[in-house]
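This report looks at the domains, a sheet and a helix pair in the structure shown here.

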Amino acid sequence: MPFPSLKGIKMSNLKSKIEECFRCLFLAESDEKQWKDDPNLKDTPDRIARMWREFFPSTRSFPALNCFPNDFDYDEIIMLDNIPFTSVCSHHFQNFSGKAWFLYLPDKTVIGASKVKRLIDYYCKEPQLQERLSMQIMNKFVEEVEPQGAMLVMRAVHMCMACRGVETGFGAGMTTSVSNGVFRQLEVRTEALNLIRISQEMKI
Ligand SMILES: [Zn+2]
């Protein structure tokens, strides 16, 4: 369910719609010739159209999560760390971008190592709130993998805060943390936070 739906909108139509918006917002009609002659500006609506297609693809298929039986009874935390992600905030249509740490304690199933990144990317490709994004990823993972528990920490810089409004720059971010099952227990949570801290110190 791609949202906002660019489905059925041809690239050429998207480009002309964006061209129209661009002209309305930023240019007087008298500027048009100058704009079209400027090598830096003339293809900008086209670039913007392609950029929005990238943020909100016209079709999305849910990634195959490739689960495997935990035949070896692995019974410790598995962490996928420093996972980069980028999405677009619903409130301002500005990007927010950062890193995620995903930890889980498997039960009967383990998941292919790259699949968490694919799951995150899937939910990033729609207008989002970081809080909702974190919960969607967690809920889907738990539904598919049925672990003993899982935890997701996401930290992002929001361009709507960094570059406008309160203008926090790139030092200030937002962190969300959602946990499930055994990760609500203090002991497991403490180990999880330690692993995250260690992963941030690793140089490889
Ligand atoms: Zn925002």
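## The sheet

Two strands are taken to pair if DSSP finds at least two bridges between them. On that basis, in this predicted model, five strands form an open sheet of mixed pairing, in the order S5-S2-S3-S6-S7. The edges are occupied by strand S5 (127-128) and strand S7 (174-181), each of which has a single partner strand, so one side of each is left without a neighbour in the sheet.

At the S5 edge, strand S2 (residues 78-89) and S5 run parallel and are joined by two bridges, and Val 88 stands opposite Pro 127 in S5. Strands of a sheet pair through backbone hydrogen bonds, and such pairing may be either parallel or antiparallel.

## The helix pair H4 and H5

Helix H4 (residues 115-124) packs against helix H5 (residues 130-145) at an angle of about 135°, and their axes are 10 Å apart; that angle makes H4 oblique to H5. The crossing in which H4 passes H5 is right-handed.

On the H4 side, the contact is made by Leu 119, Ile 120, Tyr 123 and Cys 124, which meet Leu 133, Gln 136, Ile 137, Lys 140 and Phe 141 in H5. Sorted by class, the residues of this contact between H4 and H5 are seven nonpolar, one polar and one charged.

## Domains

The domain assignment of the protein gives two ranges, with domain 1 covering 11-55 and domain 2 covering 67-201. Between the C-alpha centres of domain 1 and domain 2, the distance is 36 Å.

How values were computed. Residues are numbered from 1 along each chain as its sequence is written. This is a predicted model: local features need pLDDT of at least 70, side-chain atom pairs count only at pLDDT 80 or more; totals for chains, interfaces and linings use all residues. Axes are lines fitted to C-alpha atoms, for helices over the stretch in contact, and angles run from 0 to 180 degrees between N-to-C directions. Helices (H or I, at least four residues) and strands (E, at least two) are DSSP runs, numbered from the N terminus. Angles under 35 degrees count as roughly parallel, over 145 as roughly antiparallel, 65 to 115 as roughly perpendicular and the rest as oblique. A crossing is left-handed if the near helix is turned anticlockwise from the far one by less than a right angle, and right-handed if clockwise. Two residues are in contact if their C-beta atoms, placed from the backbone, lie within 7 Å. Ala, Val, Leu, Ile, Met, Phe, Trp, Tyr, Cys and Pro count as nonpolar, Asp, Glu, Lys and Arg as charged, and the others, Gly among them, as polar. Domain bounds come from an automatic or database domain assignment.
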